Amino acid sequence: MMLDRKKGPPIHTNFDLSIKDVETTTLTNGIRLIELNTGTQEIVKVELVLKCGRVHESKIGAAKAAILLMREGSKGMTSSALAYTYDYHGASVKLTPGMEVSAINLVCMTKFFDKLWPTWIEMILNPAYPEDEVLKFKTIQSQKLKNQLSKNEVISYRLVSERIFGSEHPYGYNTQPEHVMDLTREDIVEYYDKQVTFEGAIVVVSGKYSPAIRKQIVDSISSISKTSNQSKPHYNTIQPKGETIYQKTENELQASIKMGCSLFARNHPDYSAFNFANTILGGYFGSRLMTNVREEKGYTYGIYSMLDCWSQGGFFYISSDVGSDLISPTIEEINNEIKILKTEPVSDEELHMVKNYILGQALNLIDGPFATAQLVKGLYIKNLDPQDFQKNINIIKNMTSEQVLVMSNKYLDINNFTNVIVGGNKT
């Protein structure tokens, strides 16, 4: 029998999307331990998530510096000694400063865990912040930032977020190269002492590890008693009005377009339903914006829409880079697609396609202990839990064209959009 290549393979949606094998324990000092000991290889990953980030800094740039510079020397080891220890044992150490939380992880073979664990804990609890490493960090980071600020796409994102939240809001202000160079070792040490707290911290352990390794982790983490005097972020909210902002740059042949509006926090009850509508509009490669603006019109190589949401708010935006002569027609097509999404019911075919896409993405999120651990960690960071993941899946499975219309009309008002065009001239 000949294979009919005009027909795609059958699509299955009855697979299990529940989170399994997760064990959660609250240690004696209040730190939450999340475990997924279901790996098949002798590898363990430990990630410490601290509830401190950019929103807690009083000196711009201090949060990122305090986290990244942990690896540049502890009170017991120099930067080179730390690097040698990790590299010699084939370990991976990643430090990720964030907006509201920061993460530090260790990935290694279980047979080397005993040699690496004390070094990793010492690095976190007793960072030295050597003066020479601080100076090196400032020089490198400020230059990286200068390079990024030569890109229209980076400038447009910074502008749209600043206009939506305000330059005094933790989500809205922008770090400049001079802010980085103005940092002192004292600023960084002060941030670590006052803002880096272990209250509400999460430790995620995944992979395949022995009871002895678990005991070592629990004993060390349970004994942490670092005190802090963390400041409470001030969210100076504004009411952004619909406006269009043009900013010329040296790259005038191209323009980066950002169109967005303020939105809700990540744990808002409408998040999943509106994200579904967003996926239809511009949230994946087969989206309407991509089909129209890229495939049919040929205005751009890529266009997308997305939600950036944190604990106290968020924003929705559409992004694309186009030739400076295509700014107006691109914006016109974006507005047309939003209008259609708000007025015309989604076909059953498209509805099913987007459901299958999102459910397939969800399946990837629980593919193995490391992926599942990242998912569970993300849920707890957002003040959610595994049950909320299942609620999200149920919402996606039961979405209707009527709900898409409701979500689109509720949150997509182009009259309230902040439009930012960076690079090309106003046309």
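This report describes a predicted model of one protein chain, going from the whole chain to a few strands and single residues.

## The chain as a whole

The protein chain contains 15 helices and eleven strands. Its radius of gyration is 24 Å, and because this is close to the 22 Å that the globule rule gives for 427 residues, the chain is as compact as a globular protein of that length. Measured out along the principal axes of the model, the C-alpha trace spans about 60 × 60 × 40 Å.

Of the 427 residues in the chain, 49% are buried. When contacts between residues at least 6 apart in sequence are considered, 81% of them join residues that are at least 24 apart.

## Surface and charge

The accessible surface of the protein chain comes to about 21,200 Å², and carbon and sulfur atoms account for 51% of that area. The chain carries 45 positive and 48 negative charges, and the mean positions of these two sets are 2 Å apart.

## Strand β2 and its two partners

Strand β2 covers residues 32-36, and four of its five residues are buried, so this strand is largely enclosed by the rest of the structure. On one hand, β2 is joined by four bridges to strand β1, which covers residues 23-26, and these two strands run antiparallel. Within this pairing, E23 stands opposite E35 of β2. The two strands form a hairpin with five residues between them, and in the turn G30 has a positive phi of about 90 degrees.

On the other hand, β2 is joined to strand β6, residues 202-207, by five bridges, and here the strands run parallel. L33 stands opposite V203 in β6, while the bridge partner of E35 in β6 is V205. E35 therefore appears in both pairings, since E23 also stands opposite this residue.

## Strand β6, enclosed and paired

Six of the six residues of β6 are buried, so β6 is largely enclosed by the rest of the structure. In a regular strand the side chains alternate between the two faces of the sheet. In β6, I202, V204 and S206 point one way, whereas V203, V205 and G207 point the other way, and all of them are buried.

Besides its parallel pairing with β2, β6 is joined by six bridges to strand β3, residues 43-50, and that pair runs antiparallel. V205 is the bridge partner in β6 of V46, and V205 is also the bridge partner of E35.

## A buried leucine in β4

L95 is found in strand β4, which covers residues 92-96. Its relative accessibility is 14%, and because buried means under 20%, L95 counts as buried. Leaving aside residues up to four places away in sequence, L95 touches I67, L68, M70, R71, A103, I104 and M123. For one of these, R71, the C-alpha atom is separated from that of L95 by 8.1 Å, although the two residues are 24 apart along the chain.

## Two residues with positive phi

D21 lies in the segment before β1 and has a positive phi of about 65 degrees although it is not a glycine. With a relative accessibility of 54%, D21 counts as exposed, because the cut-off for that class is over 50%.

N383 lies in the loop between α13 (369-381) and α14 (386-397). N383 likewise is not a glycine, yet has a positive phi, of about 60 degrees. Its relative accessibility is 52%, so N383 also counts as exposed.

Definitions and conventions. Residues are numbered from 1 along each chain as its sequence is written. This is a predicted model: local features need pLDDT of at least 70, side-chain atom pairs count only at pLDDT 80 or more; totals for chains, interfaces and linings use all residues. Side-chain values use heavy atoms; hydrogens and water are left out. The radius of gyration is taken over C-alpha atoms; the globule rule is 2.2 Å times the number of residues to the power 0.38. Buried means under 20% relative accessible area, exposed over 50%, partly exposed in between (1.4 Å probe, protein chains only). Contact means heavy atoms within 4.5 Å. Accessible areas come from the Shrake-Rupley method with a 1.4 Å probe; for residues, only the protein chains shown count as cover. Lys and Arg count as positive and Asp and Glu as negative; His and the chain ends are not counted. The place of a charge is taken as NZ of Lys, CZ of Arg, CG of Asp or CD of Glu. Two strands pair if DSSP finds at least two bridges between them.
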